[in-house]
Amino acid sequence: MYKDDGVIISQRKFVLDMLKEYNFLDYKPCSSPLDPTIKLKAKDGTILQDPTYYRKLVGKLNFLTNTRLDIAYSVQHLSQFMQEPIEPYLKATFHLLRYLRNDPTLRIFMSKDSDCTVKAYCDSDWAACPDSRRSITGYLVLQGNSPISGKSKKQETISLSSAEAEYRALRKVVRELVWLSRLFEEPSVFFSMPILVFCDSQYALHIAKNPIFHERTKYIEVDCHFVRDQLQARLVSLHHIRTDSQLADILTKALTGIKHSATFGKLAVFTTSPT
């Protein structure tokens, strides 16, 4: 848990100062970071006369993602339009400010619970980008019930199927777990192995566990070898999870207010009333 009140005050002050700077303190809050009914496209709107205004705002929001996993997907999505920002992007960013207005003190909660079990969740949104048709990868790593690592990022290449997109997300989280396992070795932090990895795609899990490569997997053979090596080394164990229990869902797409709150509520987050 945060023991230094300065950390709490610093984040709250940063959010409130940002809302004040952009005149959003008196706006009505909203329940989700992005409107799930709106699809942003690269050229669908008027180019902003002052792009630095947008870039500065998104830059501040990007800094905030270090302690606010709930806005990680939204910020990475809005960060893709820095070159030529248009009016719909700015409106979406203002929507995000209204979401932050809902609770400026919300942040990651690091529990002092003795449970140090590491587990991970990974997910993808296939062909989510309307311009490039690249998929979105999202993963979340927990120690006990506390988030210690998370990522929301567009995939580097186009996936030809949802199974391929899910498998690329699986490779991303396994690579993160390899790095974390080496990091934990330095201060001799104990954690049990194999690390549980939860994925909601039966196809991706089947590919990982099947030693025979098929025609449909030839485009992701490197990913297959990497994940399978860590599986055989007992660093990770793969498990299926229902989509409605997938915590990484919040890092792959814009959710409705109810679903966003339900998913985020399962994470170890903490809010503090102003003193």
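This tour moves through the model stop by stop, from the sheet to the helices packed beside it and then to the empty spaces. The structure is a predicted model, and the residue numbers used below run from 1 along the chain.

**The sheet**

Begin by selecting the strands β4, β3, β2, β5 and β6, which in that order make up an open sheet of five strands with mixed pairing. At its edges you will find β4 and β6 (236-240), each of which pairs on one side only. If you look along the sheet, the average turn between neighbouring strands is 20°, with direction ignored. Strands of a sheet pair through backbone hydrogen bonds, and they may do so in parallel or antiparallel fashion.

Next, narrow the selection to residues 118-125 and 136-143, that is, to strands β2 and β3, which run antiparallel and are joined by eight bridges. Within this pair, centre the view on Tyr121, which has Leu140 of β3 standing opposite.

**Two backbone details in loops**

From there, follow the chain into the loop between β2 and β3 and pick out Ala127. This residue is not a glycine, yet its phi is positive, at about 50°.

For the second detail, select Met193 and Pro194, which are joined by a cis peptide bond with an omega of about 5°. Pro194 sits in the loop that lies between α5 (162-185) and β5.

**Helix α6 and its neighbours**

Now show α6 (residues 202-209) together with the sheet. Helix α6 packs on the sheet, where it touches β5 (195-199) and β6, and its direction makes about 145° with that of β6.

Keep α6 in view and add helix α7, residues 221-232, which packs against α6 at an angle of about 75° with the two axes 8 Å apart. Since angles of 65 to 115 degrees count as roughly perpendicular, α6 and α7 are therefore roughly perpendicular to each other. To see the contact itself, display the side chains of Ile207, Ala208 and Lys209 on the α6 side, and those of Cys224, Val227, Arg228 and Leu231 on the α7 side. Sorted by class, the residues of this contact comprise five nonpolar and two charged, with no polar residue.

**The largest pocket**

Turn next to the empty spaces, which come to light when a probe the size of a water molecule is rolled over the atoms. The largest pocket has a volume of about 370 Å³. It is lined by 21 residues, and those closest to its centre are Asp35, Ile38, Lys39, Leu40 and His77, which make a convenient selection for placing the view. Two elements, α3 (72-78) and α4 (87-102), give two or more residues to this lining, and α4 gives the most, with four. The lining as a whole is made up of 12 nonpolar, three polar and six charged residues.

**The second largest pocket**

Move on to the second largest pocket, whose volume is about 240 Å³. To place the view there, select Thr65, Leu69, Ala72, Gly150 and Lys151, the closest to the centre among the 14 residues of the lining. The elements that give two or more residues here are α3 and β4 (146-154), with β4 giving the most, at six residues. By class, this lining holds six nonpolar, seven polar and one charged residue.

**The cavity**

For the last stop, look for the enclosed space: the count gives one cavity of 30 Å³ or more, and the volume of the largest cavity is about 60 Å³. Select Pro33, Leu34, Asp70, Tyr73, Ser74, Ile250, Lys253, Ala254, Leu255 and His260 to bring up the residues that line this cavity. How many of them are nonpolar, polar and charged? The lining divides into six nonpolar, two polar and two charged residues.

How values were computed:
This is a predicted model: local features need pLDDT of at least 70, side-chain atom pairs count only at pLDDT 80 or more; totals for chains, interfaces and linings use all residues. Side-chain values use heavy atoms; hydrogens and water are left out. On a 1 Å grid over the protein atoms alone, a cavity is a set of points where a 1.4 Å probe fits but cannot get out, and a pocket is an open set with protein on both sides within 12 Å along at least five of seven lines; lining residues have an atom within 4 Å of a point. Grid points are joined across faces, edges and corners, and a volume is the space filled by probe spheres set on the points. Ala, Val, Leu, Ile, Met, Phe, Trp, Tyr, Cys and Pro count as nonpolar, Asp, Glu, Lys and Arg as charged, and the others, Gly among them, as polar. Axes are lines fitted to C-alpha atoms, for helices over the stretch in contact, and angles run from 0 to 180 degrees between N-to-C directions. Angles under 35 degrees count as roughly parallel, over 145 as roughly antiparallel, 65 to 115 as roughly perpendicular and the rest as oblique. Contact means heavy atoms within 4.5 Å. Two strands pair if DSSP finds at least two bridges between them.
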